[in-house]
Amino acid sequence: LSDGTVISGDSLGHVQIWDGLSGTMSQTFNHNESGADVLCLALSEDENKVFASGVDSRVICIERQQGNVVQSNSKNASFEPPVMRKWINTG
């Protein structure tokens, strides 16, 4: 994303949110309970919603919370750590 956030899906049915500057995973979500592969991720134009789908054809929406701000765990002392908002699974 434009703020350095990286979003990935895996073969165990997880969607992960990463701090792209430090390379650390900040959150993880289960796409499904059967562990089916996540094959597709789509992002809304405003970068506040991620849609994930996989082999089971289920689509979930993970949405960035507005106003709930936390500092990144970036250890690079030469840069200000970016402000990151938490994500929630809205279905």
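Does Asp-19 count as buried or exposed, and at what relative accessibility? Asp-19 counts as buried, because its relative accessibility is 4%; the cut-offs here are under 20% relative accessible area for buried, over 50% for exposed, and partly exposed in between, with a 1.4 Å probe and protein chains only.

Before going on, a word on the ground rules. This is a predicted model, so local features need pLDDT of at least 70 and side-chain atom pairs count only at pLDDT 80 or more, while totals for chains, interfaces and linings use all residues. Residues are numbered from 1 along each chain as its sequence is written, and side-chain values use heavy atoms, with hydrogens and water left out.

Now the overall layout. The protein has zero helices and seven strands, so reading from the N terminus you get β-β-β-β-β-β-β. Those labels are DSSP runs numbered from the N terminus: H or I of at least four residues for helices, E of at least two for strands. Of the 91 residues, 31% are buried. About 5500 Å² is exposed, and carbon and sulfur atoms supply 52% of that, going by the Shrake-Rupley method with a 1.4 Å probe.

Back to Asp-19, which sits in strand S2 (residues 14-19). Its side chain reaches the backbone nitrogen of Leu-21 at 2.9 Å.

Next, the charged pairs. Side chains of opposite charge can pair when their charged atoms come close. Calling a salt bridge a side-chain nitrogen of Lys or Arg within 4 Å of a carboxyl oxygen of Asp or Glu, the count comes to one. Arg-64 and Asp-3 form it, with their closest N and O atoms 2.8 Å apart. The two partners are 61 residues apart and link distant parts of the chain: Arg-64 belongs to strand S6 (residues 59-71), and Asp-3 to the segment before strand S1 (5-9). Arg-64 counts as buried because its relative accessibility is 8%, whereas Asp-3, at 30%, counts as partly exposed.

Last stop: His-31, in the loop between strand S3 (24-30) and strand S4 (38-43). Loop or not, His-31 counts as buried, at 0% relative accessibility. Leaving out residues up to four places away in sequence, His-31 touches several others, among them Gly-13, Val-15, Ala-52 and Ile-60; contact means heavy atoms within 4.5 Å. His-31 and Val-59 are 28 residues apart in sequence, with 8.2 Å between their C-alpha atoms. Across the protein, 35% of contacts between residues at least 6 apart in sequence join residues at least 24 apart.

Key. A polar contact is a pair of N or O atoms within 3.5 Å; within protein, one must be able to donate a hydrogen and the other to accept it, and residues adjacent in sequence count only if both atoms are side-chain atoms.
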